[in-house]
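Let's take a walk through this one together, from the overall build down to a few individual side chains. Have the viewer open and follow along.

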Amino acid sequence: RSDIKTQYKLSVRDLKLSDAGIYTCESDTHKVHTSLHIVNLTISLDGHFLQNEAPELILTQNSPSPLPDLSITLFDSNNSKVIPEIQKKNLQEYIVNLKKLETMDSGNWVCQIHSDSPLINQNISFGVKVLGFQNPDLERQYVTVDSTVVLSWRLNSQKIKWKKSFTGQLNWKKQEGAESHGLLDFNITAEGQLHETKKSNNLLFEIPESKAETTIEVKFPKVHFNHSGQYQCQLEYKGRCAQSKIELVVMKVSANPAGPLSRGASVTLTCEVSGPLAPDAYLSWERVNGTKMDIKNSKQREVKLEVNISTAGLWSCHLIEDSDKKISFHYNVEEASVWINNVIIGASIGGSLLAFALGCLCIISGVSWQRRRQRAKRMAQARQHLLENKTCQCQQ
């Protein structure tokens with residue numbers, strides 16, 4: 001593994017820890033000694049990690065002289081200083097534990113080692129690739145019933161030039177702790193080609209056409225209230241996995257009774273979200289271009305809000321989180337036309353008059369029936385009296 005470059009230069013390739021030692025150059029009666037100190041840095045999993053995995057670095061040194069106490073400093077791919085946890089078994093081996101990695105940590109890292117005696121200032125660069133999702137750890141999407149929504153998970157395999165194949169799956173469950181349902185399986189080849197397979201399920205969703213980037217997508221052309229829940233995309237590589245979850249929150253609005261609002265009547269508007277909501281989220285009803293009296297708020301984290309109204313117009317239900325309107329659902333309460341109101345009023349008056357007439361008729365009929373009954377009773381008494389008188393005359 002060595003070459004003599006010139007008369008006074010020796011080149012040694014592929015250095016090993018065992019190559020550490022004292023090298024002597026002799027020329028006639030002159031001798032020059034050179035001490036070779038070797039440091040070896042290894043990184044766990046060959047520098048290929050999944051999101052939220054924590055790397056381990058092992059720094060080993062060998063020297064012909066007493067081993068120095070090394071000072072270790074790390075710089076990440078953004079050239080920011082990293083404070084690791086360093087375990088020193090002995091002066092020969094240092095174990096450096098790093099924090100959990102995110103996709104943004106991919107790139108070239110630098111391990112800087114320093115010693116005062118002997119004087120050592122050495123930078124060792126090493127590559128880190130973190131395969132994972134570019135989505136937030138937990139993302140919430142808010143939609144209204146019957147709208148269209150596309151849920152997307154963006155993988156960074158092309159960005160970091162991940163030259164290995166991996167698989168994954170997309171699962172859905174109604175809420176935390178509920179039964180999980182598989183929606184689709186996918187695999188990505190070493191060339192970066194994405195293949196998706198839709199599983200059998202009762203959800204009405206589509207898989208959009210292939211994208212330029214490695215993105216997992218599902219599309220709901222018409223969202224139902226029961227489509228809400230947790231959608232978890234999980235990728236697997238060599239028995240390890242990383243995952244990202246999107247919480248789909250759906251809002252619906254209803255009115256009871258439905259239909260135009262007549263004069264003097266009221267209607268109950270109900271706004272409901274599938275939940276659960278963030279701790280600082282709440283629902284709010286308001287009439288567009290109305291007054292503060294037309295605003296009603298729910299308590300925090302309540303997923304249902306009802307309001308009784310007697311004023312027609314455009315009403316809006318808002319889901320507000322951290323003073324930000326995440327989603328709004330508009331409901332138009334129509335006012336009954338004049339002729340409908342007149343018909344209703346006429347029907348009410350007519351109904352009242354009809355009821356009064358029927359009452360009077362019943363009273364008159366009752367009085368007449370009572371009188372007929374009393375007349376029949378008197379006639380029966382008279383016949384009985386006459387019969388008794390005739391009987392008495394026959395006996396005489």
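One term before we start: two residues are in contact here when they have heavy atoms within 4.5 Å of each other. Keep in mind too that this is a predicted model.

With that in hand, go to Ser284, which sits in strand S23, residues 281-287. Setting aside residues up to four places away in sequence, Ser284 touches Ile295, Lys296, Asn297, Leu305, Ser316, Cys317, His318 and Ile320. One of those neighbours, Asn297, also pairs with it through side chains, in a polar contact of 2.6 Å. Is Ser284 buried or exposed? Its relative accessibility is 5%, so Ser284 counts as buried, the cut-off for that being under 20%.

Now zoom out. The protein chain has 1 helix and 27 strands. Of its 396 residues, 33% count as buried. Take the contacts between residues at least 6 apart in sequence: 56% of them join residues at least 24 apart. On the outside, the chain exposes about 24,500 Å², and carbon and sulfur atoms supply 50% of that.

Next, the interior. In soluble globular proteins, nonpolar side chains tend to be buried together. Here the largest nonpolar core has 31 residues, and the ones with the most contacts inside it are Leu151, Trp153, Phe166, Phe186, Phe220, Tyr231 and Leu235. Which elements give two or more residues to this core? They are strands S15 (149-154), S16 (166-173), S17 (181-188), S19 (215-220), S20 (229-237) and S21 (240-256). A second, separate core has 24 residues, including Val267, Leu277, Ala278 and Val307.

Leu235 is a handy place to look around from. Leaving out its neighbours within four places in sequence, Leu235 is in contact with a long list of residues, among them Leu50, Leu131, Phe133, Leu155, Phe166 and Phe186. Two of these, Phe166 and Phe186, also appear with Leu235 among the residues with the most contacts inside the core. The list isn't purely nonpolar, either: Thr167 and Arg240 are on it as well.

Not every nonpolar side chain is tucked away, though. Ile4, Leu10, Val12, Leu15 and Tyr23 form a nonpolar patch on the surface, together offering about 470 Å² of accessible area. Tyr23 belongs to strand S3, residues 21-27. At 31% relative accessibility, Tyr23 counts as partly exposed, and it makes it into the patch because membership calls for over 30%.

Let's finish with charges. Side chains of opposite charge can pair when their charged atoms come close. A search of the whole structure turns up 10 salt bridges, and three of them make a good tour. Asp105 and Lys99 meet at 3.5 Å, N to O; with 6% relative accessibility, Asp105 counts as buried. Lys173 bridges to Glu176, with the closest N and O atoms 3.9 Å apart, and Glu176 is exposed, at a relative accessible area of 57%. That pair isn't on its own: Lys173, Glu176 and Lys245 are linked in a network of salt bridges. Lastly, Asp324 and Lys326 meet at 3.6 Å, N to O. Asp324 counts as partly exposed at 37% relative accessibility, and Lys326 counts as partly exposed at 37% as well.

Methods
Residues are numbered from 1 along each chain as its sequence is written. This is a predicted model: local features need pLDDT of at least 70, side-chain atom pairs count only at pLDDT 80 or more; totals for chains, interfaces and linings use all residues. Side-chain values use heavy atoms; hydrogens and water are left out. Patches are made of residues with over 30% relative accessible area and no salt bridge: like charges are joined within 9 Å, nonpolar side chains (Val, Leu, Ile, Met, Phe, Trp, Tyr) within 5 Å. Accessible areas come from the Shrake-Rupley method with a 1.4 Å probe; for residues, only the protein chains shown count as cover. A salt bridge is a side-chain nitrogen of Lys or Arg within 4 Å of a carboxyl oxygen of Asp or Glu. Helices (H or I, at least four residues) and strands (E, at least two) are DSSP runs, numbered from the N terminus. Buried means under 20% relative accessible area, exposed over 50%, partly exposed in between (1.4 Å probe, protein chains only). A nonpolar core is a set of buried Ala, Val, Leu, Ile, Met, Phe, Trp, Tyr and Cys residues joined through side-chain atoms within 4.5 Å. A polar contact is a pair of N or O atoms within 3.5 Å; within protein, one must be able to donate a hydrogen and the other to accept it, and residues adjacent in sequence count only if both atoms are side-chain atoms.
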